[in-house]
Amino acid sequence: IGIKDFDFWLSEVEALLASEDYGKDLASVNNLLKKHQLLEADISAHEDRLKDLNSQADSLMTSSAFDTSQVKEKRDTINGRFQKIKSMATSRRAKLSESHRLHQFFRDMDDEESWIKEKKLLVSSEDYGRDLTGVQNLRKKHKRLEAELAAHEPAIQGVLDTGKKLSDDNTIGQEEIQQRLAQFVEHWKELKQLAAARGQRLEESLEYQQFVANVEEEEAWINEKMTLVASEDYGDTLAAIQGLLKKHEAFETDFTVHKDRVNDVCTNGQDLIKKNNHHEENISSKMKGLNGKVSDLEKAAAQRKAKLDENSAFLQFNWKADVVESWIGEKENSLKTDDYGRDLSSVQTLLTKQETFDAGLQAFQQEGIANITALKDQLLAAKHIQSKAIEARHASLMKRWTQLLANSATRKKKLLEAQSHFRKVEDLFLTFAKKVSAFNSWFENAEEDLTDPVRCNSLEEIKALREAHDAFRSSLSSAQADFNQLAELDRQIKSFRVASNPYTWFTMEALEETWRNLQKIIKERELELQKEQRRQEENDKLRQEFAQHANAFHQWIQETRTYLLDGSCMVEESGTLESQLEATKRKHQEIRAMRSQLKKIEDLGAAMEEALILDNKYTEHSTVGLAQQWDQLDQLGMRMQHNLEQQIQARNTTGVTEEALKEFSMMFKHFDKDKSGRLNHQEFKSCLRSLGYDLPMVEEGEPDPEFEAILDTVDPNRDGHVSLQEYMAFMISRETENVKSSEEIESAFRALSSEGKPYVAKEELYQNLTREQADYCVSHMKPYVDGKGRELPTAFDYVEFTRSLFVN
């Protein structure tokens, strides 16, 4: 039946693969390819069925009940047809792929031909713009088109490369491919030629429109400036004439620039004529008109400049004369004062102002007076119509100037006399201020030191304070001498009968009160230092008492921890688990008894806190730290008791030997270097390797799935450590992990017993098991009782033992 079904399927597939239909267009080829993929998947699925048929044939051929030659013949026929189908499928896929390439090429070529046709319409336009803006817009569009052609050229080349490869591969339709390729290349060349021709025409049009725009721009500027230089306004004030002159200077500067621009425009026109531009006549006409307008503007500008300069000269003299007269009048008013200063500072300020005033007179003589005189001489030499008025006004100005210089010299002399008088008083003021400032700084520092609260933390600190106070008492004689000097300076200052000292707010009366107050503060400081000395002596005794008890308690904690963790209890006792448990219990009772000693230390610590003792040089231990260490030691003792109880239970119920448990424990303690009662992950891995676990060596950061699986058991919450209890539970479970069911244990004992009897002899146990295992079985197995209720000598019931073991 299987052969018939498979044969029928082969016939259907052969008919499908024999088809000569490879598609008429790209869509039909894609559909045929999808169908062929489904057929190939079906062939792959039937290959597994063929394997099943071959396996059935092999089974039938090994049996003598069937004709093996007939089975072999059918199997070979089916296998041959299946291989033929696979070959036909491969051949048809190749032809379909070739057809797909051909139709895809035709599709790509049709798309590119359509694109070229569209661009030809754009580059065949006869519109080259009627003005500069129009030409520029058309040129921008053409630049974008040229960029689009350049960007599209790789796609064109890709189609050509595909067509050439198809033609070289002798594809069906080679002649049609070559014909379409030649036509495609011709269309592409034609498009690029049309684009280049249009670009050239647009560039020529752009040059002409730019020339016209430049000419029109310059003509507009010239027309505007002709109106300006034809004006009859030459200014009736100095400000007005200066404004007009500045405008004219700006115009001339601008005119120079525009003449250069006109030359550039004409040069550009000559270049266009040399290029045989079809607007040659218009270009020549515009150049001639532009040059004529430039010449007319230049003549009108020269005439206006001469008239402006003539009017400016007279107005300039009047303005400068007004300025000099106003300046002299202002300075005359500043000298009409009787203020010669009230003290040295005000006199010096007035002298500084006077020196500045004199410097201003000298500077004005070099500039203002000299300039007005030179201008007067120039106008008189030119025989100006107002020469008499100009000369009279200049003479009046010079008379006032001479009187101003004399008044200034008189005021400066009086100010120098006042300065000499106030300088003597000022020297006394400054000397007193400097000395009183230094004395006050010394007093403030002394007062700060003497009134600083006397709070020390050790006998050394109070000793240093008392030594510093003695040194201060020794320096008082120097301060007394400074105080006497200040009193003498104050007497001299008061003899001049002047106002208060401007450089300091201190007075001699205030300093005398300060000196009396200092003597009082010194006595109070001495009493506080004596009181603090007594307090520090009492605090030091309390530190020593606390340190004595804390150091002894810490030493006991360290020794007890070492005793519990390094195996001392195993050395002292017999080494059995029971003896270790008893030793650990006794040590834990000792730990609980030491709680009273910790209470005494805590009381001493509280007394130190009450006395505000924050440090203790006699010990590094604190109340909180010792309490935490004691609590950890108490917890360690309880954990070790619990661990030993678990080991005893494991030994009694699982058969794990006491030597193995002892080895596990000793190995854990070996790797617990810091005696913390737990191992980190790296120490735990090293411990397992020492016990014979074959864990792979991996680089840091790389995954270690085997070790991670172990950590899932002993450290599921990943706190980073493995306690002794977790470690022992894991090792015990590994020792017994091969015992999976009571039936397996019974089968093992049955194999030990001769002839598979329901009991095992004592000799058989000792012959096949270790001595520890045999002793355990003999001590826990019940004697075997036969069906008549008789006990057999040296025979043990392993069935009842195994079942009771798994129930427990």
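Start by selecting Leu-612: this residue counts as exposed, with a relative accessible area of 52%, where exposed means over 50%, buried under 20% and partly exposed in between (1.4 Å probe, protein chains only). Its backbone is worth a look, since Leu-612 has a positive phi of about 60 degrees although it is not a glycine. Leu-612 sits in the loop between helix H15 (595-610) and helix H16 (623-654); helices here are DSSP runs of H or I with at least four residues, strands are runs of E with at least two, and both are numbered from the N terminus.

Before moving on, please keep in mind that this is a predicted model, in which local features need pLDDT of at least 70 and side-chain atom pairs count only at pLDDT 80 or more, while totals for chains, interfaces and linings use all residues. Residues are numbered from 1 along each chain as its sequence is written, and side-chain values use heavy atoms, with hydrogens and water left out.

**Stop two: salt bridges**

The structure holds 30 salt bridges, each being a side-chain nitrogen of Lys or Arg within 4 Å of a carboxyl oxygen of Asp or Glu. Select Arg-81 and Asp-7, whose side chains form one of them at 2.0 Å, N to O. This pair links distant parts of the chain, with Arg-81 in helix H3 (residues 68-123) and Asp-7 in helix H1 (residues 2-17), 74 residues apart. Arg-81 is buried, at a relative accessible area of 19%, whereas Asp-7 is partly exposed at 29%.

Next, pick Lys-86 and Glu-47, which meet in a salt bridge of 3.5 Å, N to O. Lys-86 lies in helix H3 and Glu-47 in helix H2 (residues 26-62), so this bridge ties together parts that are 39 residues apart in sequence. Lys-86 is partly exposed, with a relative accessible area of 29%, and Glu-47 counts as partly exposed at 29%.

Now go to helix H11 (residues 476-495), which holds both Arg-491 and Glu-488, three residues apart, about one turn of the helix. Their side chains form a salt bridge at 2.6 Å, N to O. Glu-488 has 35% relative accessibility and counts as partly exposed. To see a network, select Asp-58, Lys-72, Arg-75 and Asp-76, which are joined into one by salt bridges that share partners.

**Stop three: a buried contact**

Select Ile-222 in helix H5 (residues 174-229). Ile-222 is buried, at 2% relative accessibility. Add Val-294 to the selection: the C-alpha atoms of Ile-222 and Val-294 are separated by 7.0 Å, though the two residues are 72 apart along the chain.

**Stop four: a charged patch**

Show Glu-444, Glu-448, Asp-449 and Asp-452, which form a negative surface patch. Such patches are made of residues with over 30% relative accessible area and no salt bridge, like charges being joined within 9 Å and nonpolar side chains (Val, Leu, Ile, Met, Phe, Trp, Tyr) within 5 Å. One of its members, Glu-448, belongs to helix H9 (residues 387-451) and is exposed at 54% relative accessibility.

**Last stop: annotated regions**

UniProt, in an unreviewed entry, lists "coiled-coil region" at residues 29-63 and 508-540; such annotations may be inferred rather than shown by experiment. Select residues 508-540: the span is 100% helix and 0% strand, and its end C-alpha atoms lie 48 Å apart. The unreviewed UniProt entry also places "domain: EF-hand" at residues 659-694 and 702-737. Finish on residues 659-694, where the chain is 64% helix and 8% strand, with the end C-alpha atoms 22 Å apart.

Definitions and conventions: Areas by Shrake-Rupley, 256 points an atom, 1.4 Å probe, with all protein chains shown as cover. Lys, Arg positive; Asp, Glu negative; His and termini not counted. Charge placed at Lys NZ, Arg CZ, Asp CG, Glu CD.
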